[in-house]
There are 2 protein chains.
Amino acid sequence: MDTVSTAKCFGGTQGTYRIDSAATGTAMRFAVFVPPGEGPFPVLWFLAGLTCTEDNFTQKAGAQRIAAELGLILVAPDTSPRGEGVANDEAYDMGQGAGFYLDATQAPWAQHFRMYSHIVDELLGVIGANFPADMSRQGISGHSMGGHGALTLALRNPDRFRSVSAFAPIVAPNQVPWGINALGKYLGEDRAAWRRHDAVALIEDGARVSELLVDQGDADPWLIDQLKPELLVDACAAAAVPLTLRWQPGYEHGYFFVQSFIEDHLRWHAARLV
Amino acid sequence: MDTVSTAKCFGGTQGTYRIDSAATGTAMRFAVFVPPGEGPFPVLWFLAGLTCTEDNFTQKAGAQRIAAELGLILVAPDTSPRGEGVANDEAYDMGQGAGFYLDATQAPWAQHFRMYSHIVDELLGVIGANFPADMSRQGISGHSMGGHGALTLALRNPDRFRSVSAFAPIVAPNQVPWGINALGKYLGEDRAAWRRHDAVALIEDGARVSELLVDQGDADPWLIDQLKPELLVDACAAAAVPLTLRWQPGYEHGYFFVQSFIEDHLRWHAARLV
């Protein structure tokens with residue numbers, strides 16, 4: 001692991017790091033905040049949305065203040081492999097910056113687009129080995145495409161992630177344009193394979209988490225066509241998964257929304273990662 | 001005034017706006033946060049550093065949470081005129097993104113680089129006319145080159161700015177490479193003219209503010225060569241200007257430093273803008 005940069009922040013250390021990823025076959029960057037004190041600390045993963053890097057959450061969410069107080073390590077991965085030798089798409093919602101937290105099976109994406117393995121398998125070991133982290137206490141959150149990532153990774157790994165929340169998540173990629181486009185290209189036309197990367201479908205197929213916290217702005221321009229939280233409400237109700245969906249009146253989709261409620265999410269995770 | 005974008009944030013409104021500036025002869029953007037409630041609210045100006053736009057403070061400082069609680073309007077101007085028809089320099093510390101909060105007198109800069117007039121004269125009227133602002137209660141702060149801007153604008157306009165603070169400011173541009181380069185090009189070789197854009201020189205020449213708050217990280221890579229807070233300490237001591245200089249151990253220069261102490265600054269201003 002190489003250190004790209006570090007800076008003191010609220011008494012802790014905010015760093016950006018880089019590994020040669022065996023999962024993606026590229027250099028991958030990620031950001032880690034370590035709170036002040038000795039640790040070991042519980043770990044909260046935060047997955048970002050379309051077009052983002054490891055920087056967006058790290059620079060715009062205002063999470064370090066609260067993580068310093070609560071004693072939480074924050075880990076923010078990138079959203080895709082990157083570089084000249086990596087496949088890409090001109091659209092903002094496909095290719096670099098739009099990895100959708102899955103392992104692609106279709107050409108030309110399968111060679112590098114393996115964000116699921118990068119985060120769930122590879123970074124797990126990197127964080128455990130290099131930071132004062134208690135890997136028995138991990139939670140996960142995310143925003144938009146990263147909310148989709150948080151929900152699906154938690155549903156597929158309930159023993160690993162003891163708490164999960166999301167901001168304005170894509171809850172059912174199989175049913176909305178962003179997801180139909182990306183999953184079709186990354187995974188091919190066999191829609192059965194898509195169901196393992198769709199929170200609503202995973203719940204319908206029997207995956208479970210103990211409870212969910214979701215914040216959603218009612219002025220979010222993606223609400224109707226892409227996010228569809230009502231599908232998560234229905235799936236959770238049918239499966240008896242406790243869902244706290246908080247409608248935030250007047251809020252839109254970006255980090256001005258996320259920062260307004262990040263404190264509630266961090267306290268919610270910290271209470272469940274004791 | 002045109003509205004570029006707005007988003008709800010901590011119950012208030014974070015917006016980006018644009019005017020056709022008579023001062024600079026260009027379109028100028030600026031960001032304004034209006035807290036929840038009726039107002040009128042006091043106004044805190046925040047001037048950003050080299051390479052920045054109106055976005056850096058707005059997106060990275062985490063100030064809206066506290067401004068919402070305290071009932072402060074935050075105004076973040078851009079740091080220079082911009083555009084294809086505007087003079088520029090390849091260096092990061094001169095030209096676009098590096099206006100130094102002065103009115104240039106030398107070609108090719110004098111045509112557009114009039115950030116002092118833009119902020120002190122022009123935006124004053126724009127903010128007063130378009131937002132629920134009490135213009136009898138204004139404070140000013142800034143970071144790095146913007147700390148220079150905050151100190152010099154306050155020293156030259158003590159009746160307007162009732163409170164002033166800075167993060168890692170350039171306190172004596174006349175004596176450091178960034179300032180000698182920029183002021184020489186913007187103002188020419190007559191160093192007497194530079195003294196009206198140098199906080200230490202202004203204090204030496206009799207300008208006064210009631211008190212100053214400055215935070216400075218002791219791991220700041222620009223500390224020794226460019227910032228030189230000891231010169232401000234000496235000038236304030238000689239002039240009996242009350243200066244609270246807080247050395248922050250281990251902190252560097254960027255917004256991870258600023259966000260760690262922005263709450264103290266906003267509370268300090270709010271207490272003086274009652």
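Buried means under 20% relative accessible area. Keep that cut-off at hand. The model is predicted.

**Exercise 1. Is B:Cys9 buried or exposed?**

Step 1. Take its relative accessibility: B:Cys9 has 0%.
Step 2. Compare with the cut-off: buried is under 20%.
Step 3. Conclude: B:Cys9 therefore counts as buried.
Step 4. Repeat for A:Cys236. Its relative accessibility is 2%, so A:Cys236 counts as buried.

**Exercise 2. How many disulfides does the structure hold over all chains?**

Step 1. Recall the test: two cysteine sulfur atoms must lie within 2.5 Å.
Step 2. Try B:Cys9. The nearest cysteine sulfur belongs to A:Cys52 and is 16 Å away.
Step 3. B:Cys9 is in no disulfide.
Step 4. Give the total: over all chains there are 0 disulfides.

**Exercise 3. Find which residues touch the most other members of the largest nonpolar core.**

Step 1. Set the scene: this core has 96 residues.
Step 2. Name the residues: B:Phe100 and B:Tyr186 touch the most other members.
Step 3. List some contacts of B:Tyr186, leaving out residues up to four places away in sequence. Among them are B:Met94, B:Phe100, B:Leu102, B:Trp109 and B:Phe113.
Step 4. Look beyond this core. Another core, of 94 residues, lies apart from it and includes A:Met94, A:Val120, A:Leu155 and A:Ala168.

**Exercise 4. Work out how chain B is related to chain A.**

Step 1. Lay chain B on chain A: a turn of 180° and a shift of 0.0 Å along the axis give an RMSD of 0.0 Å.
Step 2. Interpret: the two copies are therefore related as by a two-fold rotation axis.
Step 3. Check the contact residues: 100% of those of chain B recur in chain A, so the same surface serves both copies.

Note on methods:
Residues are numbered from 1 along each chain as its sequence is written. Chains are lettered from A and ligands numbered from 1 in the order in which they are written. This is a predicted model: local features need pLDDT of at least 70, side-chain atom pairs count only at pLDDT 80 or more; totals for chains, interfaces and linings use all residues. Side-chain values use heavy atoms; hydrogens and water are left out. Copies are superposed by least squares on the C-alpha atoms of residues with pLDDT of at least 70 in both. Contact means heavy atoms within 4.5 Å. A nonpolar core is a set of buried Ala, Val, Leu, Ile, Met, Phe, Trp, Tyr and Cys residues joined through side-chain atoms within 4.5 Å. Buried means under 20% relative accessible area, exposed over 50%, partly exposed in between (1.4 Å probe, protein chains only).
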